[in-house]
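This report concerns helix packing and the protein surface around DNA in one structure. The sequence and model are shown first, and the text then takes up the helices and the strands in turn.

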Amino acid sequence: MEVDLDATLGCGQAHRWKKDGDLWKGVLGNDKVELLQRDGGFLCEGCSEERIKRYFRSEDDLPAIMEEISGKDAYVAGLAAACPGLRILRQDLWECTATYILATNANVKRIAKMVESVCVMFGTDLGGAYSFPTPRQILDGCGSIGECRLGYREGRFVEFAEKVENGTYDLASLEELDYEGCVKELKKINGIGPKVADCTAIFAYGHLEAFPVDARISRSMKEVYGVEGSYEDVSSAGRRIFGRYAGYAQELLYHSLSIIL
DNA sequence: CATCAACCTGATCA
DNA sequence: ATGATCAGGTTGA
């Protein structure tokens, strides 16, 4: 399976991977995982091959996807040629949704800090690393959540944990919905608007046509494609230009911006 | 339906 | 050093 670990794990779609020398270290479920880039692939320690293949969406035919979006637009074709191994991840439903509630109105660095602090505060100690907490773990210890410095995301985060824990909100039931249905249901959660819904739709539910528009994508859509307007205007323009794999085009655009910055 | 202030923290600028 | 300014999505008026 073709994958560029630096691009895939460092581009901001997931927030718990850290590069230590040549080694990418992270946590999947209750497993501490280490990944090392090798020619034409990577080495994985700490979890099963099935698990990591699922996480990397190994069923996505990356060359075919890159070719398809490259055929739609010359600018993205250049980005794809420069970064052919950027994959979209399949993240855990609960962890991804909860994380992106925290990601609201925060930059990548601050998101990572908030996520790490809730893991340390509430997650299971795996020895030098902590799991992302379950809803139960958060509710059991939420007296000390103020120390995580989540700001106004704190109430939304706890409220979401409550609704998932008591069954008011069933994340798994969204898996059978199409992209639009999935986004519609996600937006019912307090703290999830159109951008976070798109992120969750693509990074957890695998709707590759989602085209999340954050501040940086918004700027580059204006500069490169002359597209501006409401969230829906810009996001649907992304889908119109790039088609069913618009999310991959979005990641290429986003990744190219993070290299510049 | 569109606009816009308020929300919280951390980084960066004077 | 200290205060002003800015970056970043969602909500509700």
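In what crossing does helix 5 pass helix 10? Helix 5 passes helix 10 in a right-handed crossing, where a crossing is called right-handed if the near helix is turned clockwise from the far one by less than a right angle, and left-handed if anticlockwise.

The model is a predicted one, in which local features need pLDDT of at least 70 and side-chain atom pairs count only at pLDDT 80 or more, while totals for chains, interfaces and linings use all residues. Residues are numbered from 1 along each chain as its sequence is written, chains are lettered from A and ligands numbered from 1 in the order in which they are written, and side-chain values use heavy atoms, with hydrogens and water left out.

**Helix packing**

Helices here are DSSP runs (H or I, at least four residues), numbered from the N terminus. Axes are lines fitted to C-alpha atoms over the stretch in contact, and the angles run from 0 to 180 degrees between N-to-C directions.

Helix 5, residues 93-102, packs with helix 10, residues 194-203, at an angle of about 155 degrees and with the axes 10 Å apart. That makes helix 5 roughly antiparallel to helix 10, on a scale where angles under 35 degrees count as roughly parallel, over 145 as roughly antiparallel, 65 to 115 as roughly perpendicular and the rest as oblique. The contact (heavy atoms within 4.5 Å) joins Cys-96, Thr-97, Tyr-100 and Ile-101 of helix 5 to Lys-195, Val-196, Cys-199, Thr-200 and Phe-203 of helix 10. These residues divide into six nonpolar, two polar and one charged; Ala, Val, Leu, Ile, Met, Phe, Trp, Tyr, Cys and Pro count as nonpolar, Asp, Glu, Lys and Arg as charged, and the others, Gly among them, as polar.

Helix 5 also packs with helix 8, residues 153-165, at an angle of about 160 degrees, the axes being 9 Å apart, and the two are therefore roughly antiparallel to each other. Helix 5 passes helix 8 in a right-handed crossing. On the helix 5 side the contact uses Trp-94, Thr-97, Ala-98, Ile-101 and Leu-102, which meet Arg-153, Arg-156, Phe-157, Phe-160, Ala-161 and Val-164 in helix 8. By class, the residues of this contact are eight nonpolar, one polar and two charged.

Helix 10 has a further partner in helix 9, residues 179-186, for which the axes come within 9 Å and cross at roughly 130 degrees. Helix 9 and helix 10 are therefore oblique to each other. Tyr-179, Cys-182, Val-183 and Leu-186 of helix 9 make the contact with Ala-197, Asp-198, Thr-200 and Ala-201 of helix 10, and the classes are six nonpolar, one polar and one charged.

**The DNA strands**

A residue is near a strand if one of its heavy atoms lies within 4 Å of it. DNA strand B is surrounded by Lys-109, Arg-110, Lys-113, Arg-149, Gly-151 and Tyr-152, and sugar and phosphate account for 78% of the atoms of this strand that come within 4 Å of the protein. By class, the surface near DNA strand B has one nonpolar, one polar and four charged residues.

Around DNA strand C there are 17 residues, of which Asn-105, Gly-191, Gly-193, Val-196 and Asp-214 come nearest. Of the atoms of DNA strand C within 4 Å of the protein, 54% belong to sugar or phosphate and the rest to bases. Helix 10 supplies the largest share of the surface near DNA strand C, three residues. That surface has seven nonpolar, five polar and five charged residues.

Polar contacts, meaning pairs of N or O atoms within 3.5 Å, are listed below for both strands.

| Protein atom | DNA atom | Distance |
|---|---|---|
| Arg-110, polar side-chain atom | strand B, sugar or linking oxygen | 3.2 Å |
| Lys-113, polar side-chain atom | strand B, phosphate oxygen | 3.3 Å |
| Arg-149, polar side-chain atom | strand B, phosphate oxygen | 3.1 Å |
| Tyr-152, side-chain N or O atom | strand C, base nitrogen | 3.4 Å |
| Ile-192, backbone N or O atom | strand C, phosphate oxygen | 3.5 Å |
| Lys-195, backbone N or O atom | strand C, phosphate oxygen | 3.2 Å |

Methods. Polar contact = N/O pair within 3.5 Å; in protein donor to acceptor, adjacent residues only side chain to side chain.
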